[in-house]
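Reader: I am in my first year of study and would be grateful for a close look at one part of this structure. Please concentrate on how charged and aromatic side chains bring separate stretches of the chain together, and explain the reasoning step by step.

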Amino acid sequence: TVLKKGWFAKTGVQVWWQQARSDGYADSTAWVRQSRIAPYASVEYQKNGWTTSLQVRKEWLVSGQQAPFTWALGLEKKVNTTHLFRLHTSRNFNLPTFNDLNWRALGNPGLQPEDGISFDAGYEGALPFENWTVRPALTIYSL
């Protein structure tokens, strides 16, 4: 949605319902289930080749377990039509997969979710030649 010149916004809700049963799980007769809901919103501002973005999200598991509030902040500078520099930081949260929790040989039912902050910086470009283009990209990141 365009809010006004240079400003853009997006909102929504993601809903998941997952279930699985496997001969490889510790209890191969039981169904493993998970339901989640996550509203999110983002806003972006563009001016003079710069793009700044902010995204926020909150996820809940139907079982009552809550995930932390997560966010992402980005800054990009389009130098020209072929070169772009970018910076990005975010708070991340990841639930263990069904296999991580339930696999007979290697699963760990006590495994906790991953929670952290990440940073990355990068460059993307294009080097045109006569009949082809090289598109180098370099990204440096930290978790």
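**Charged and aromatic pairs**

Author: With a relative accessibility of 18%, Arg86 counts as buried, because the cut-off for that word is under 20%. The model is a predicted one, and its protein chain has an average pLDDT of 89, with 99% of the residues scoring at least 70. Arg86 makes a salt bridge with Glu124, in which the closest N and O atoms are 3.1 Å apart. Since Arg86 belongs to strand β7 and Glu124 to strand β8, this pair ties together parts separated by 38 residues in sequence. Unlike a buried residue, Glu124 is partly exposed, at a relative accessible area of 33%.

A further salt bridge joins the side chains of Arg91 and Asp115, at 2.9 Å from N to O. This pair also links distant parts of the chain, for Arg91 is in strand β7 and Asp115 in strand β8, 24 residues apart. Both partners are partly exposed: Arg91 has a relative accessibility of 25%, and Asp115 has a relative accessible area of 48%.

The aromatic side chains come next. Over the whole structure, 3 aromatic pairs are found. One of them is formed by Tyr25 and Trp103, an edge-to-face pair with 5.8 Å from centre to centre and 85 degrees between the planes. Tyr25 is placed in the loop between β2 (7–20) and β3 (32–47), and Trp103 in the loop between α1 (98–102) and β8 (114–124), so their pairing ties together parts that are 78 residues apart in sequence. Tyr25 is buried, at 4% relative accessible area, whereas Trp103 is partly exposed, at 36% relative accessibility. The rings of Phe85 and Tyr123 form a tilted pair, because their planes stand at 45 degrees, with centres 5.3 Å apart. Phe85 lies in strand β7 (residues 84–94) and Tyr123 in strand β8, so that this pair too links distant parts of the chain, 38 residues apart. Phe85 is partly exposed at 44% relative accessibility, and Tyr123 is partly exposed with a relative accessible area of 22%.

Charged residues can now be followed elsewhere in the chain. The whole structure holds 4 salt bridges. Among them is the one between Arg36 and Glu59, where the closest N and O atoms are 2.9 Å apart. Arg36 is in strand β3 while Glu59 is in the loop between β4 and β5, so the pair ties together parts that are 23 residues apart in sequence. Both are buried: Arg36 has 15% relative accessibility, and Glu59 has a relative accessible area of 7%. Arg36 and Glu59 also belong, together with Arg57, to a network of salt bridges. In addition, Arg36 lies over the face of Trp16, at 4.6 Å from the ring centre.

Lys58 offers a contrast. Located in the loop between β4 (50–57) and β5 (60–61), Lys58 is buried yet has no salt bridge, and the nearest side chain of opposite charge, that of Glu59, is 8.9 Å away. Because a salt bridge requires the atoms to be within 4 Å, that distance does not qualify. Lys58 lies instead over the face of Trp60, at 5.4 Å from the ring centre. Apart from neighbours within four places in sequence, the contacts of Lys58 include Ile37, Pro39, Gln66 and Phe69.

How values were computed: Residues numbered from 1 in each chain as written. Predicted model: local features only at pLDDT ≥ 70, side-chain atom pairs only at ≥ 80, totals over all residues. Heavy atoms only, no water. Helix = DSSP H or I, 4+ residues; strand = E, 2+ residues; numbered from the N terminus. Buried < 20%, exposed > 50% of the residue type's maximum accessible area, 1.4 Å probe, protein only. Lys, Arg positive; Asp, Glu negative; His and termini not counted. Contact = heavy atoms within 4.5 Å. pLDDT = per-residue confidence, 0-100. Phe/Tyr/Trp six-rings, centres within 6.5 Å; stacked < 30°, edge-to-face > 60°. Lys NZ or Arg CZ within 6 Å of the ring centre and 35° of its normal.
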